[in-house]
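Let's take a friendly walk through a protein model. Have the structure open beside you as you read.

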Amino acid sequence: MTDHFSRHKITPGWIEVICGCMFSGKTSELIKQVHRAELARLNCIVFKPKIDNRYSETEVASHDQNTFPSVIVESSDDIIPHIDRNTDVVGIDEAQFFDDRIVDIVTLLADSGKRVVLAGLDTDWQGKPFGPMPTLLAIADVIHKQYAICMVCGDPATRTQRLVAQNDSILVGSSESYEARCRNHFDPLLSVRLTQVAAPQDEMGTKSITEPTVQA
Ligand SMILES: [Zn+2]
């Protein structure tokens, strides 16, 4: 479907969402699509929310270290001032961290002829729909569901397992704090149990504990 659209030099705007759990290659796919658009001489700009500063401050970076320059914004309303009539493609990484206004913003962009490509986690560490992602998926014209590999059994993974004793809703991290799991091996209460175990030893409640039941 994307390739079908891509063959048209002048295209109507649309919204494309790349979703999945952590380590499923969402950002890699976003970067690939933006690079391809640049090869087609389209004007591209990529945004990410300020909350995510792993690997690089001014680039979107995938876990495999592919990068693309990005504009860091505090809120979704900060995106619009960076867009002009020559902008063809708007990439947005870590879309799950944006406020709900992102839905109106990307609708406005698509309605004005821009191609919007968002990448984001569809579910959080508890397995629940993450931030504005459910609405973004509902209004998307194109959806790519990405899969990681379950670190327990090797099956396709759709869930993000938190491995540390930390129950805040947002904990930005990488493989030291999370791993991909299939539905069978996803344990949303693990972090809660680790917090209870860690509490007597670590007053800050932030001690990292490797899950004892996971086998490589
Ligand atoms: Zn599994």
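This report goes from the overall picture to the sheet, its helices, the core and a few single residues.

**The overall picture**

Keep in mind that this is a predicted model. The protein chain has 216 residues, and 40% of them count as buried. Its secondary structure comes to five helices and 12 strands. Among the contacts in the chain with a separation of 6 or more, 73% are between residues 24 or more positions apart.

**The sheet**

Look for an open sheet of six strands. Its strands pair in parallel, in the order 5-2-6-7-1-8. At the edges you will find strand 5 (71–73) and strand 8 (142–145); each has a single partner strand, so one side of each is left without a neighbour in the sheet. On average, neighbouring strands of the sheet are turned by 20° against each other, direction ignored.

In general, the strands of a sheet pair through backbone hydrogen bonds, in a parallel or an antiparallel way. Three of the parallel pairs in this sheet are set out here, each with one pair of facing residues.

| Strand pair | Bridges | Residues paired |
|---|---|---|
| Strand 1 and strand 8 | four bridges | Val17 and Ile143 |
| Strand 2 and strand 6 | four bridges | Ile45 and Val90 |
| Strand 6 and strand 7 | four bridges | Ile92 and Leu118 |

Strand 6 appears in two of these rows, pairing with strand 2 and with strand 7. Which way do Val89, Val90, Gly91 and Ile92 point from strand 6? Val89 and Gly91 point one way, Val90 and Ile92 point the other way, and all are buried.

**Helices against the sheet**

Strand 1 and strand 8, joined by four bridges, run parallel. Helix 2 packs on the sheet and touches strand 1, strand 2, strand 6, strand 7 and strand 8. Its direction makes about 165° with that of strand 7. Helix 3 packs on the sheet as well, touching strand 1, strand 6 and strand 7, and its direction makes about 155° with that of strand 7.

Helix 3 covers residues 101–111, and its buried residues are Ile102, Ile105, Val106, Leu109 and Ala110. Seen down the helix axis, these buried residues fall within an arc of 130°, so they line one face of helix 3. A general rule helps here: an α-helix has 3.6 residues a turn, so residues three or four places apart point the same way. The other side of helix 3 has Asp104 and Asp111, which are exposed. What covers the buried residues of helix 3? The cover includes strand 1 (14–20), strand 6 (89–92) and strand 7 (115–121). Just after helix 3 comes Gly113, with a positive phi of about 95°.

**The core**

The largest nonpolar core holds 51 residues, and the members that touch the most others are Ala95, Val106, Val116, Leu118 and Ala180. At least three residues of this core come from each of domain 1 (2–146) and domain 2 (147–211).

Take Leu118 as a place to explore. Not counting residues up to four places away in sequence, Leu118 touches Val17, Ile18, Ile92, Ala95, Val106 and Leu136. You have met Ile92 already, as the residue whose bridge partner in strand 7 is Leu118.

**A closer look at three residues**

Cys44 is found in strand 2. It has 20 other C-beta atoms within 10 Å and is buried; the cut-off for buried is 20 or more. Leaving aside neighbours within four places in sequence, Cys44 is in contact with Val34, Ala37, Glu38, Asp88, Val89 and Gly91. Cys44 and Val34 are 10 residues apart in sequence, with their C-alpha atoms 6.7 Å apart in space.

Most residues other than glycine have a negative phi. Two residues to check against that rule are Arg41 and Glu94. Arg41 has a positive phi near 65°, and Glu94 has a positive phi of about 50°. You will find Arg41 in the loop between helix 2 (26–39) and strand 2 (44–49), while Glu94 is in the loop between strand 6 and helix 3. Are these residues buried or exposed? Arg41 is exposed, with 8 other C-beta atoms within 10 Å, whereas Glu94 is buried, with 24.

Technical notes
Residues numbered from 1 in each chain as written. Predicted model: local features only at pLDDT ≥ 70, side-chain atom pairs only at ≥ 80, totals over all residues. Core = buried A, V, L, I, M, F, W, Y, C linked by C-beta atoms within 7 Å. Buried ≥ 20, exposed ≤ 12 C-beta atoms within 10 Å, placed from the backbone. Domains from an automatic or database assignment. Contact = placed C-beta atoms within 7 Å. Arc of directions from axis to C-beta. Pairing = 2+ DSSP bridges. Axes fitted to C-alpha atoms, helices over the stretch in contact; angles between N-to-C directions.
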